[in-house]
Amino acid sequence: MKLKQRVVLLAILLVIFIFTKVFLIDNLETSAANREDQRAFQRMLAGLRVALDPRLEHTLQSPWEIAAQWVVPREVYPEDTPELGAVMHAMTTKKIIKADVGYKGTQLKALLILEGGQKVVFKPKRYARDYIVEGEPYAGYDRHNAEVAAFHLDRILGFRRAPLVVGRFVNLRTEIKPVATEQLLGTFMTVGNNTCFYGKCYYCRETEPACADGDIMEGSVTLWLPDVWPLQKHRHPWGRTYREGKLARWEYDESYCDAVKKTSPYDSGPRLLDIIDTAIFDYLIGNADRHHYESFQDDEGASMLILLDNAKSFGNPALDERSILAPLYQCCIIRVSTWNRLNYLKNGVLKSALKTAMSHDPISPVLSDPHLDALDQRLLSILATVKQCTDQFGPDVVLVEDRMTLSHL
């Protein structure tokens, strides 16, 4: 064989060797990542049941101090949370030392201070579990049980971006009124034999109070994030106009995602993938009302999109509002870890997992069976949407590796 032929053959063999090595390394890395996703899923399933237990072992810290230390830029609570039950027990049992009108917003809520100085947001029950909210997908009052269910779904999906939420029964006459501010107390009334209040908010009306069953009111309490992590509010790029006859750009522009990708903070970092995770989360719970979102301040797009205010969810199990998925089907990208988790939840696993996760909540059953069934059906729609994307663009384009090492220090 001539020298030139030998050099060409050697070059070909070298190229084959390099490509084979790269391919094997990529496959090994992908397999290792997939195995870790599988292990994380199994750990999540093993820790689904959260017994509300007051005991805090191996620490002298209060439950509020523990929960505050959990918060880092990319998660509200860590994967391994043996103290979660104790923190949630405190949220549902600690004495209320002050009650005030809720922070500004459109819906009725109250701001409570619990013993130890911890702030929580209380959202009252407005509907029975089987009530169907008709009309627009964002219609109706806030649903307190939706906040509870959304928190546990956040755990199941492995996002860990939603503040802790638990159900609680409060006695308005003995627990709230004696410690209420004048502003809140001025909105109390009696309707029949029931104690009611209407609070202060954009849509709060004296003619539409929330009423207890006698003096006992069912609601949800959401743990306030630590003040050392101030929030920054952002307009959601796929937000609605809420005006009849006026469409947002994403509703008519098929290339809208291309424009989003050119604007900060969606042109780099994890924020766009967070938006897509959130679209999947919102579609599962039926939340079409995320017109804004929050992140931590001065994060330059690096911190997570925090899953706050999920109460406009689980209104109508028969309504699948596909437009909620617009970020997914317009951008056609999804985290590999999210894609893996969704696949693990097929075949009824999602419904079963959520039912198990919520079983120890004080207001259980949190959701009616039609809402649980709807979750499994919506999951199939998400999987089908991703498949359409991979068929069109290929999995290498659609499935994006975005695994971050999270610090719990």
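**A guided look at folds, loops and odd torsions**

Visitor: At 78% relative accessibility, does Asn 347 count as buried or exposed?
Guide: Happy to start there, with the reminder that this is a predicted model. The cut-off for the upper class is over 50% relative accessible area. Asn 347 comes out at 78%, so this residue counts as exposed.

Visitor: What is the phi of Asn 347, which is not a glycine?
Guide: Most residues other than glycine have a negative phi. Asn 347 sits in the loop between helix 10 (336–344) and helix 11. Although not a glycine, Asn 347 has a positive phi of about 60 degrees.

Visitor: And Phe 314, with a relative accessible area of 5%: buried or exposed?
Guide: Phe 314 also has a positive phi, of about 50 degrees, without being a glycine. Its place is the loop between strand 10 and helix 9 (326–331). The cut-off for the lower class is under 20%. At 5%, therefore, Phe 314 is buried.

Visitor: Which residue does the UniProt annotation "active site" cover?
Guide: The annotation comes from an unreviewed UniProt entry. The residue lies in the loop between helix 8 and strand 10 (292–296). Leaving aside residues up to four places away in sequence, it touches Tyr 138, Tyr 242 and Lys 312. The record's "active site" label falls on Asp 289.

Visitor: What is the strand order in the open sheet of 5 strands?
Guide: Strands of a sheet pair through backbone hydrogen bonds, either parallel or antiparallel. Here the pairing is antiparallel. Strand 1 (96–101) and strand 4 are the edge strands, each pairing on one side only, and the twist averages 35 degrees from one strand to the next. Reading across the sheet, the order is 1-2-3-8-4.

Visitor: How many bridges join strand 4 to strand 8?
Guide: Strand 4 (residues 165–171) is mostly covered, with 6 of its 7 residues buried. Strand 8 (residues 216–223) runs antiparallel to strand 4, and Asn 171 stands opposite Ile 216 in strand 8. The number of bridges joining strand 4 and strand 8 is 7.

Visitor: Which residue in strand 8 is the bridge partner of Val 121?
Guide: Strand 3 (residues 118–124) pairs with strand 8 in the antiparallel sense, over 5 bridges. Within strand 8, the partner of Val 121 is Thr 222.

Visitor: At what angle does helix 3 run to strand 4?
Guide: Helix 3 (residues 84–93) lies across strand 2 (110–114), strand 4 and strand 8. Relative to strand 4, helix 3 runs at about 25 degrees.

Visitor: Which strands stand at the edges, each with a single partner strand?
Guide: This concerns the open sheet with the order 5-6-7 and antiparallel pairing. Each edge strand has a single partner, so one side of each is left without a neighbour in the sheet. Those two are strand 5 (188–191) and strand 7 (210–211).

Visitor: What is the angle at which helix 8 and helix 12 pack?
Guide: The axes of helix 8 (residues 271–285) and helix 12 (residues 369–393) are 8 Å apart, and the crossing is right-handed. By class, the contact has 7 nonpolar, 1 polar and 1 charged residues. The packing angle is about 145 degrees.

Visitor: What is omega for the cis peptide bond that joins Ser 364 and Pro 365?
Guide: Most peptide bonds are trans. Pro 365 is in the loop between helix 11 (349–357) and helix 12. For the cis bond from Ser 364 to Pro 365, omega is about 0 degrees.

Terms used. Residues numbered from 1 in each chain as written. Predicted model: local features only at pLDDT ≥ 70, side-chain atom pairs only at ≥ 80, totals over all residues. Heavy atoms only, no water. Buried < 20%, exposed > 50% of the residue type's maximum accessible area, 1.4 Å probe, protein only. Helix = DSSP H or I, 4+ residues; strand = E, 2+ residues; numbered from the N terminus. Pairing = 2+ DSSP bridges. Axes fitted to C-alpha atoms, helices over the stretch in contact; angles between N-to-C directions. Left-handed = near helix turned anticlockwise from the far one by under 90°. Nonpolar A, V, L, I, M, F, W, Y, C, P; charged D, E, K, R; others polar. Contact = heavy atoms within 4.5 Å. UniProt positions renumbered as here; feature names shortened; annotations may be inferred.
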